Amino acid sequence: MQLESNPSQISGSQTDTGHPGSDVESFKKALLDNLYYARGQGEVTASPGDIYLALALTIRNELMRNWRKTIEEYSRTQPKFVYYLSAEYLPGRQITQNILYTGLGDLARRALSEMGYDLDELIQLEPEPALGNGGLGRLAACFLDSMATLDIPCIGYGIHYQFGIFQQSFRDGWQVESPDDWLYYGNPWEFPQPDNRVTVGFGGHTEHYYDEQGRFRVRWIPAETVLGEPRHIPVPGYRTGTVNMLRLWSARASKEFDFQLFDVGDYSRAAEQKISSENISKVLYPNDSTMQGRELRLKQEYFFVACSLRDIIRRFLVFSSDWREFPDKAVIQLNDTHPVVVIPELMRLLVDEYLLDWDTAWEITSRTFAYTCHTLMPEALEKWQVMLFERLLPRHLEIIYEINARFLDQVRKRFPGEPYRVARMSLIEEGSERRIRMAYLAAVGCFSINGVARLHSDLLKQSVLRDFYEMWPEKFNNKTNGISPRRFIRLANPRLSQLITDSIGDGWLTDLEQLRKLEDCIDRDDFRQAWRQVKQQNKEDLAAYIEKVLDIQVDPNSMFDIMVKRLHEYKRQVLKVLHIVTLYNRLKNNTSLDITPRTFVFGAKAAPGYHTAKLIIKLINDVGRTINNDPDVNQVIKVAFLPNFNVTLGERIYPAADLSEQISLAGKEASGTGNMKFVLNGAVTIGTLDGANIEILERVGPENFFLCGLKTPEVFALKSRGYNPYHEYEKNLELKAVIDLIASGHFSSGDSQLFRPLVDSLLHKDEYMLLADYASYIAAQEEAGRAYRDRERWTRMSILNTARSGYFSSDRTILQYNKEIWKAPRIPIPDSSSK
């Protein structure tokens, strides 16, 4: 079985006429028209950037044919819409997906070639939209893709961050953050809509009064206002004409410039309001270690939901004035706790502005919202200071107090004689600093509460939201996360995608369970050889990239042992480091030791204010520097920490992975989606029984998964008995030698204090129980090393991981959401593009 050495990410066939999909000349004419009329450049004077932008506009124009049909059909049928509110989106490069979905890949490549340009080189000019940080944002993007592919009417809402999270680089092993100026040359995929600006208030005070009918009313008088300007980005579906929309809000000043101040020479204050207002959409997740940072973050969250809700209501009122119909026309899915302030905002609008009575408004509100919880970490379940709400959102605080009072009356009736339960369930956490429990507000105000993996959903019911589960068991459900196969195998791994399609047809791209058919191919020698060839070519590509970026040569024949994910202590990147140092010690003690050669690849960003995570990055880089420069070991093991991990880098890494590291402490990871991306691309997992790992293990089979670590009940039991990490350190001599070597300064140029905070935390606290899981993890790694040496066994394991990964499609997840929560109709749209 022969494979292309480097097939393109994007290709397609063309059958239509009369538009850019007709033939090469038509496509070239459309591209040149965009170059002339949109860029103001001729073919001779254009830069590669001009050509890229003209190409993007040509593809976008093709998408808009279907978008127009979609809007017209939605206007005709007036269906129930899913409104998806998320503080993050990580869509990845749009040009590759949009070319694939329009089927214009072949035409674009040929037309550009005739003009002297290479399509793949132009694609590299597109910056990745910096609209998210990690799995939460990528999941949201996968969900929007699946909703469009499944013809579900949907609008995603978020913030149009100017700089996103940050660009990561390393200096002397330390993380360095710089602005991610992804909008420097503009974004050709978006449409600004200044005519639909929304006014958002902050601060001020409330006024209580009685209306003409003698009814008690409240009026909020904000101290300041900000404008929200929407920009929408088309979200096409695959093999359908549906094009939904992602609508992002930029903050604008209501008064951009004070001419009087400028005229008297006070230039800074003249633009003060503009700067203050636009800070709201400047960056994702401002550092909240200061009061100013917390205030900006709360402003950001309220700004985004206030704008979005106004837009949703505007759309509703076009077709109806009967508020009782609102929950039948709109379901609003809250992606984690960031948008939860939308619940009191809807109550404010209904009661204060549309003059509904409280009970009617609450009945509408509690039928409209659904909540997805994405964490088990207490610090991630937002709790806002009451004093901050009082200053920024005084009317919302009053509404939350009223919701809480009425809710606690329900609790007392349901559970009489249980005052401690009432205190536990209150939306207000009492203490030296009173706080609003936003996850509890979501539990009260939403009709559905779901976790994102079976274990996670069970733990929500058993611990985090146990009281609410006991009160409303019918609200709780599980929706195990999924990923888009179009993005994470068709685009990320075109070689493997082609091999699969050649073997079982291409129906798997919209029905991922069809990958099961690959099991029928597993006994064919030519298929297994082709599978190995694909993996080897992907590894060679990644090795070349590592050398280009890091100037480190790695062996593509070694096992690629990969850990890429957000940097957090519970994800236990340090446990991976302990394994690497264990191998380092073994090789230093016996340079002829026969172990499986490995290349360890890391990718992770640490939040700017998370100092421990940044120290872990320094440790990984310093251990890597020592190993990579030591001739005693560097022919057997190498370490590569690739900077600025994002979707685009992930698309390089997932296809090349042999071993996927998923080693969070059991009971801490909500789900994970990186684990699914690796499995889909044929990597074998080494992992704990945490998050979606459990469901991966069940589907791929224990013989195709390297299990390690304590189970969740064992974690709880050990902690309740009194876990002593120092005892683990003393009883395991190999572990002791590893920790002592780190503590000695061996990896930090003799500075024994640099990593002392990490060492002390391990020995005296070890909150995430790395030392308790160390021996089990090392044993599983040894088993993985032995399996990798058996080429045929490893190939079969790899094939079966892909073949049995069909459950983890975001299409399956979205179908479950829609059937069990949203109940929105599916509205097929005829496809008028070139596919």
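Here is a quick tour of this structure, from the whole chain down to single residues. The model is a predicted one. The protein chain carries 34 helices and 23 strands. Its radius of gyration is 28 Å, close to the 28 Å that the globule rule gives for 835 residues, so the chain is as compact as a globular protein of that length.

**The chain as a whole**

- Laid along its principal axes, the C-alpha trace of the protein chain spans about 90 × 75 × 65 Å.
- Of the 835 residues in the protein chain, 62% are buried.
- If you take the contacts with a separation of 6 or more, 77% of them are between residues 24 or more positions apart.
- The chain exposes about 31,700 Å², and carbon and sulfur atoms supply 49% of that area.
- For a sense of distance, try Ala253 and Phe560: they are 307 residues apart along the chain, and 50 Å separates their C-alpha atoms.
- Ala253 itself belongs to strand β10, which covers residues 243-253, and Ala253 is buried at a relative accessible area of 4%.

**Helix α22 and the loop after it**

- α22 has 26 residues, which should span 38 Å at 1.5 Å a residue; the C-alpha atoms at its ends are 37 Å apart, so the two figures agree.
- Right after α22 comes Asp551, with a positive phi near 55°.
- Further on, Ser558 sits in the loop that joins α22 (525-550) to β18 (559-564).
- Ser558 counts as buried because its relative accessible area is 2%, against a cut-off of under 20%.
- Leaving aside residues up to four places away in sequence, Ser558 touches Lys539, Pro597, Arg598, Thr599, Asp658 and Tyr788.
- Two of those partners turn up again in ring geometry: Lys539 lies over the face of Phe560, at 4.9 Å from the ring centre, and Tyr788 is part of an aromatic pair.

**Aromatic pairs and charges over rings**

- The structure holds 29 aromatic pairs.
- One of them joins Tyr788 and Trp794 edge-to-face, with 5.2 Å from centre to centre and 80° between the planes.
- Both rings belong to buried residues: Tyr788 has a relative accessible area of 18%, and Trp794 has 6%.
- The ring centres of Tyr807 and Phe808 are 5.3 Å apart and the planes are at 90°, so this pair is edge-to-face too.
- Tyr807 is buried at 15% relative accessible area, and Phe808 is buried at 2%.
- Tyr807 also has a charged residue over its ring: Arg812 lies over the face, at 3.9 Å from the ring centre.
- Elsewhere, ring pairs tie Tyr74, Phe81, Tyr83 and Tyr157 together into a cluster.

**Helix α27, mostly under cover**

- α27 runs over residues 693-700, and six of its eight residues are buried.
- The buried ones are Asn693, Ile694, Glu695, Ile696, Leu697 and Val700.
- What do the buried residues of α27 pack against? On the helix side, their neighbours are α18 (454-464), α26 (674-680) and α33 (791-803). On the strand side, they are β21 (659-662), β22 (684-687) and β23 (705-707).
- The residue following α27 is Gly701, and its phi is positive, near 95°.

**Positive phi in two loop residues**

- Asp151 has a phi near 65°, which is positive even though the residue is not a glycine.
- Asp151 is in the loop between α6 (135-149) and β2 (154-159).
- Is Asp151 buried or exposed? Asp151 is buried, with a relative accessible area of 11%.
- Ser749 is another non-glycine residue with a positive phi, here about 55°.
- Ser749 lies in the loop that runs from α30 (733-743) to α31 (756-764).
- Unlike Asp151, which is buried, Ser749 is exposed, with a relative accessible area of 69%.

Methods. Residues numbered from 1 in each chain as written. Predicted model: local features only at pLDDT ≥ 70, side-chain atom pairs only at ≥ 80, totals over all residues. Heavy atoms only, no water. Helix = DSSP H or I, 4+ residues; strand = E, 2+ residues; numbered from the N terminus. Buried < 20%, exposed > 50% of the residue type's maximum accessible area, 1.4 Å probe, protein only. Contact = heavy atoms within 4.5 Å. Phe/Tyr/Trp six-rings, centres within 6.5 Å; stacked < 30°, edge-to-face > 60°. Lys NZ or Arg CZ within 6 Å of the ring centre and 35° of its normal. Rg over C-alpha atoms; globule rule 2.2 N^0.38 Å. Areas by Shrake-Rupley, 256 points an atom, 1.4 Å probe, with all protein chains shown as cover. Expected span 1.5 Å × (residues − 1).
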